[in-house]
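Welcome! Let us take a friendly walk through a protein model, one residue at a time. Please have a look at it before reading on.

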Amino acid sequence: MADKNKPAATPAAPAEGQHRNYNERRWMKPSKRAEGYAKDRRSKVHTYGPKEGQELSEYDKGIRSGYLLCQSDHAGMYKYKKALSEGKSPEEARAISKIKGKPKDAA
């Protein structure tokens, strides 16, 4: 009897000597908390709240990194849905959603 929680097929690993392209985003959505966490990570100190001015502990750095990665996943979905609403094809929308930062033509 097959286990329902196991995936049907395992994802293919990159071939020997090849690496995943980290210039391409998986998915992303901005938020106010993410903006504050990014500011904390850049300055390496708490920038608001009761610990303001204190250095970030390793735990706090990890919390902020994990949260920012989660936000990265949601922003791509936001871009994907926006592109679809603008009349792009699903293939074009998928490509747009994986681009990091703002598009070059939006100045």
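Does Asp-60 count as buried or exposed? With a relative accessibility of 11%, Asp-60 counts as buried, because the cut-off for that word is under 20%. Please keep in mind that this is a predicted model.

**The chain as a whole**

Three helices and zero strands make up the list of elements in the protein chain. Read from the N terminus, the order is α-α-α. The protein chain has 107 residues, and 18% of them are buried. Its accessible surface is about 9,100 Å², and carbon and sulfur atoms account for 54% of that. What share of the contacts between residues at least 6 apart in sequence join residues at least 24 apart? The share is 56%.

**Back to Asp-60**

Asp-60 belongs to helix α2. Leaving out residues up to four places away in sequence, Asp-60 touches His-46 and Lys-51. A further pairing to look at is Asp-60 with Arg-41: these two are 19 residues apart in sequence, and their C-alpha atoms are 9.3 Å apart in space.

**Two salt bridges**

How many salt bridges does a search of the whole structure find? It finds two, and here they are side by side.

| Salt bridge | N to O distance |
|---|---|
| Arg-64 and Asp-40 | 3.0 Å |
| Glu-58 and Lys-61 | 3.4 Å |

Let us begin with Arg-64 and Asp-40, whose side chains meet at 3.0 Å, N to O. Arg-64 is in helix α2 and Asp-40 is in helix α1, so this salt bridge ties together parts that are 24 residues apart in sequence. Both Arg-64 and Asp-40 are buried. For Asp-40 the relative accessibility is 1%, which is why this residue counts as buried. Which residues does Asp-40 touch, not counting those up to four places away in sequence? They are Val-45, His-46, Thr-47, Tyr-48, Leu-56 and its salt-bridge partner Arg-64. His-46 also appeared earlier, as one of the residues touched by Asp-60.

Arg-64 has another role in the picture: it lies over the face of Tyr-37, 4.6 Å from the ring centre. As for pairs of aromatic rings, the count comes to zero.

The other salt bridge joins the side chains of Glu-58 and Lys-61 at 3.4 Å, N to O. Here both partners lie in helix α2, three residues apart, which is about one turn of the helix. Glu-58 has a relative accessibility of 62%, so it counts as exposed. Lys-61 has a relative accessible area of 23%, so it is partly exposed.

**A residue in the loop**

Where is Lys-44 placed? Lys-44 sits in the loop between α1, residues 32-43, and α2, residues 58-85. Its backbone is worth a look: Lys-44 is not a glycine, yet it has a positive phi of about 65°. Most residues other than glycine have a negative phi. Lys-44 is also exposed, because its relative accessible area of 51% is over the 50% cut-off.

**Toward the end of the helices**

Leu-84 is another member of helix α2. A relative accessible area of 34% makes Leu-84 partly exposed. Setting aside neighbours within four places in sequence, Leu-84 is in contact with Ser-89, Pro-90 and Ala-93. Leu-84 and Arg-94 are 10 residues apart in sequence, and the distance between them in space is 9.2 Å, C-alpha to C-alpha.

Arg-94 comes up again with Ser-97. Which backbone oxygen does the side chain of Ser-97 reach? It is the one of Arg-94, at 2.7 Å. Ser-97 lies in helix α3, which covers residues 90-97. Its relative accessibility is 0%, and therefore Ser-97 counts as buried.

**Looking back**

To gather the main threads, the chain has three helices and zero strands. The salt bridge of Arg-64 and Asp-40 ties helix α2 to helix α1, while that of Glu-58 and Lys-61 has both partners in helix α2. Asp-60, the residue of the opening question, is buried.

Definitions and conventions
Residues are numbered from 1 along each chain as its sequence is written. This is a predicted model: local features need pLDDT of at least 70, side-chain atom pairs count only at pLDDT 80 or more; totals for chains, interfaces and linings use all residues. Side-chain values use heavy atoms; hydrogens and water are left out. Rings of Phe, Tyr and Trp (its six-membered ring) pair if their centres lie within 6.5 Å; planes under 30 degrees apart count as stacked, over 60 as edge-to-face and the rest as tilted. A charge sits over a ring if NZ of Lys or CZ of Arg is within 6 Å of the ring centre and within 35 degrees of the ring normal. Helices (H or I, at least four residues) and strands (E, at least two) are DSSP runs, numbered from the N terminus. Buried means under 20% relative accessible area, exposed over 50%, partly exposed in between (1.4 Å probe, protein chains only). Contact means heavy atoms within 4.5 Å. Accessible areas come from the Shrake-Rupley method with a 1.4 Å probe; for residues, only the protein chains shown count as cover. A polar contact is a pair of N or O atoms within 3.5 Å; within protein, one must be able to donate a hydrogen and the other to accept it, and residues adjacent in sequence count only if both atoms are side-chain atoms. A salt bridge is a side-chain nitrogen of Lys or Arg within 4 Å of a carboxyl oxygen of Asp or Glu.
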